[in-house]
Amino acid sequence: MNRTPLVASLVATALLACARAPATPTAAAQAAPGAPADYLPLAVGNAWTYLDRSSPGAAPVRRSVRVVERDRDGYFVDDQRGALRADPDCLHDRTRRLLCQPLRAGHTWTSVVSAAAVERYEIAGVGETVAVPAGTFQGCVRVRSQLRSGGVEQVAELTYAPGVGLVRLETFAVVDGVARPQVRGELESYRVGAR
């Protein structure tokens with residue numbers, strides 16, 4: 001599954017620790033305050049370090065990403081060759097809309113990633129509290145994406161904390177109803193400044 005910018009290096013490096021897909025929340029459609037841009041601060045110099053928990057039983061590997069420039073199209077480019085931009089309604093890379101308004105549980109949208117592939121997104125949770133090595137974050141928004149290709153469903157869950165960015169990433173492949181771990185990354189440290 002080819003993800004982008006600040007997310008791309010994590011998807012390629014950290015494995016999911018659980019063996020089944022999380023259930024869709026049944027709570028009422030609670031709205032998260034703010035805009036998508038509030039959940040991933042974009043500015044040159046902002047940096048995040050994640051713990052890659054790819055290999056069960058092995059020590060986690062540190063993976064860092066830093067925004068190095070803003071290009072002429074308004075995308076913030078990172079040192080992993082990813083690019084993100086926040087518009088009033090969505091946070092997106094050059095191909096996908098990653099987080100879109102309204103920030104309400106159950107809200108859905110799609111992104112066409114190729115002529116044969118459409119990713120489906122859903123806000124799976126809002127107002128969540130998430131504990132990772134970098135700390136405990138409240139008011140988080142969790143987004144689930146799904147892409148079906150060749151009989152395999154690729155699922156990713158990205159959890160964003162307001163004013164911080166991506167704090168947790170988990171991906172897995174669902175084959176014949178069984179979730180197979182792929183990626184798990186958790187925020188270890190971060191440095192964000194003003195936008």
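Reader: What makes R81 notable in the hairpin of β3 and β4?

Author: In this predicted model, R81 takes a positive phi near 70 degrees, within a hairpin that has four residues between the strands. A strand here is a DSSP run of E with at least two residues, numbered from the N terminus. Local features require pLDDT of at least 70, side-chain atom pairs count only at pLDDT 80 or more, and totals for chains, interfaces and linings use all residues. Residues are numbered from 1 along each chain as its sequence is written, and side-chain values use heavy atoms, with hydrogens and water left out.

Reader: Why are β3 and β4 called paired?

Author: Two strands pair if DSSP finds at least two bridges between them. Strand β3 (residues 76-78) and strand β4 (residues 83-86) are joined by two bridges and run antiparallel, so they count as paired. F76 stands opposite L84 in β4.

Reader: How do you know that β4 also pairs with β5?

Author: Two antiparallel bridges link β4 to strand β5 (residues 90-92), and the definition is therefore met. R85 stands opposite H92 in β5, and a hairpin of three residues joins β4 to β5.

Reader: What makes β6 and β7 edge strands?

Author: The open sheet has twelve strands in the order β6-β5-β4-β3-β2-β1-β12-β11-β10-β9-β8-β7, with antiparallel pairing. Both β6 (97-100) and β7 (108-114) pair on one side only.

Reader: Why is G151 called exposed?

Author: Exposed means over 50% relative accessible area (1.4 Å probe, protein chains only). G151, in the loop between β9 and β10 (152-161), has 51% relative accessibility and therefore counts as exposed.

Terms used
Buried < 20%, exposed > 50% of the residue type's maximum accessible area, 1.4 Å probe, protein only.
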